Amino acid sequence: MPLVEAVTASSPSLVSLGWSEFFGDQLEPGDADLIPTRIAMVHRDRLSGLSQTGQADLSLAPQATTGDYAVGDWVLVEPHSHLLRRRLTRKTVLERRVQGGRGPQLAAANIDTLFIVTSCNADFNIARLERYLALANQAGTTPVILLTKADTAENAEAYQSQAATLQRGLAVVTLNPRISGAASALAAWCGAGQTVALIGSSGVGKSTLVNTLAGSAQQSPQQTGAIREHDAKGRHTTTARSLHAIAGGGWVIDTPGMRTLQVSDVANGIDTLFAEITELAPLCKFRDCTHVHEPGCAVQAALKAGTLDPERLARWRKLSDENQHNTPVQTGPRGAKPPAGRGKRR
């Protein structure tokens, strides 16, 4: 079953696949005979990739596993055996920590824009949206909130207003994923060579939006499903991550819905999300201020002045505490510990 149908008519250029100088600068003289390939789908026991020569299943070295790769990765492949020789450093990486898991779960790589999809019903949850935003910020992507099912809401503008206040400069778009106009509304982020990814709960319209963006050229549309009316929860219709060509240029990665989303190792993402609190902290009298009871606390002063939302502060505190608790402590030389809460880039 073909995964990326739009490239069958003519061979794609590397730039149209999302290649940039960031990846070109990583090439070495010994890589001249290798083919730059983008991971298009990650299966449990195999990978498929897309290059200028078309799509192919990739072979892994004996010690490698598919869990080491994410959809959107750029890798270097031998031309005849399709053996994967090396993965290039990622520009951005979307990952999350799963409860009980040994390490972070890779969701997608080299994404330019992350569409956070929610609906104007019971699925709309401010605290969960903030978690997605922290994840997007830490990944290095540009987050955009997409509001679906506005036609079923009595006051869709209220949902948009609430979402827009969650982060400075945050774009919020209300759309119907089932109509062709949805693609036009998102065209600014879906240009040639650009990669977007969709994240959100099951049943909010992610797979429908993928089908709309891919257009009529898509031969194997994503399966879609309905939601339960009493709690607006849907079934997981997307079970794997995959790369799809957008009709007007660019690429979209669909991801399975997430019931739970723990935060871990996203301190920088949280700082960006709660910038109004982060910027107040250096003004406190004490450097180790907890922003609870200390004299000379700039955060508490903002609360008393009414310029800082107490509920926003409570969510910041909860998310920061959870992140600190879930972030593994790595020891350096002689057992030295690095500063807590530092994000990392792969």
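Which residues touch the most other members of the largest nonpolar core? In this predicted model, they are L94, I116 and I145, within a core of 60 residues. The largest share of this core, eight residues, is supplied by α2. Leaving out residues up to four places away in sequence, I116 touches L129, Y132, L133, P143, V144, I145, L146 and I199. Another core, of 17 residues, lies apart from the one to which I116 belongs, and V117, L186, C190 and L209 are among its members. In soluble globular proteins, nonpolar side chains tend to be buried together.

**The chain as a whole**

The chain holds nine helices and 13 strands, and of its 346 residues 49% are buried. Among contacts with a separation of 6 or more, 67% are between residues 24 or more positions apart. The exposed area of the chain is about 17400 Å², of which carbon and sulfur atoms supply 50%.

**Helix α9 and its surroundings**

Helix α9 covers residues 310-326, and its 17 residues reach 24 Å from the first C-alpha to the last, which is close to the 24 Å expected at 1.5 Å a residue. At the start of this helix, a side-chain oxygen of D309 comes to within 3.0 Å of the backbone nitrogen of E311. The buried residues of α9 are R312, L313, W316, L319, E322, N323 and N326, and what covers them includes β6 (93-97), α2 (126-139), α6 (267-273), α7 (275-278) and α8 (298-305).

**Salt bridges**

Side chains of opposite charge can pair when their charged atoms come close. The count of salt bridges in the model comes to ten, and three of them are set out below with the separation of their N and O atoms.

| Salt bridge | N to O distance |
|---|---|
| R90 and D73 | 2.7 Å |
| D123 and R128 | 2.8 Å |
| R312 and E130 | 2.9 Å |

The salt bridge between R312 and E130 links distant parts of the chain, with R312 in helix α9 and E130 in helix α2, 182 residues apart. R312 counts as buried because its relative accessible area is 6%, and E130 is likewise buried, at 2%, the cut-off for this class being under 20%. Both residues belong to a network of salt bridges that also takes in E276 and R315. D123, which pairs with R128, is buried as well, with a relative accessible area of 7%.

R90 and D73 form a salt bridge through their side chains, and this pair links distant parts of the chain: R90 lies in the loop between β5 (84-87) and β6, whereas D73 lies in the loop between β3 (54-58) and β4 (74-77), 17 residues away. Both R90 and D73 are buried.

**N110 and the loops it meets**

Where does N110 lie, and which residues is it in contact with? N110 is found in the loop between β7 (104-109) and β8 (113-119). Setting aside neighbours within four places in sequence, N110 is in contact with F23, R38, G72, D73, W74, R90, K91, T92 and T195, a list that includes both R90 and D73, the partners of the salt bridge described above. The side chain of N110 also reaches the backbone nitrogen of K91 at 2.7 Å. With a relative accessible area of 7%, N110 is itself buried.

Terms used. Residues numbered from 1 in each chain as written. Predicted model: local features only at pLDDT ≥ 70, side-chain atom pairs only at ≥ 80, totals over all residues. Heavy atoms only, no water. Helix = DSSP H or I, 4+ residues; strand = E, 2+ residues; numbered from the N terminus. Buried < 20%, exposed > 50% of the residue type's maximum accessible area, 1.4 Å probe, protein only. Polar contact = N/O pair within 3.5 Å; in protein donor to acceptor, adjacent residues only side chain to side chain. Contact = heavy atoms within 4.5 Å. Expected span 1.5 Å × (residues − 1). Areas by Shrake-Rupley, 256 points an atom, 1.4 Å probe, with all protein chains shown as cover. Salt bridge = Lys/Arg side-chain N within 4 Å of Asp/Glu carboxyl O. Core = buried A, V, L, I, M, F, W, Y, C linked by side-chain atoms within 4.5 Å.
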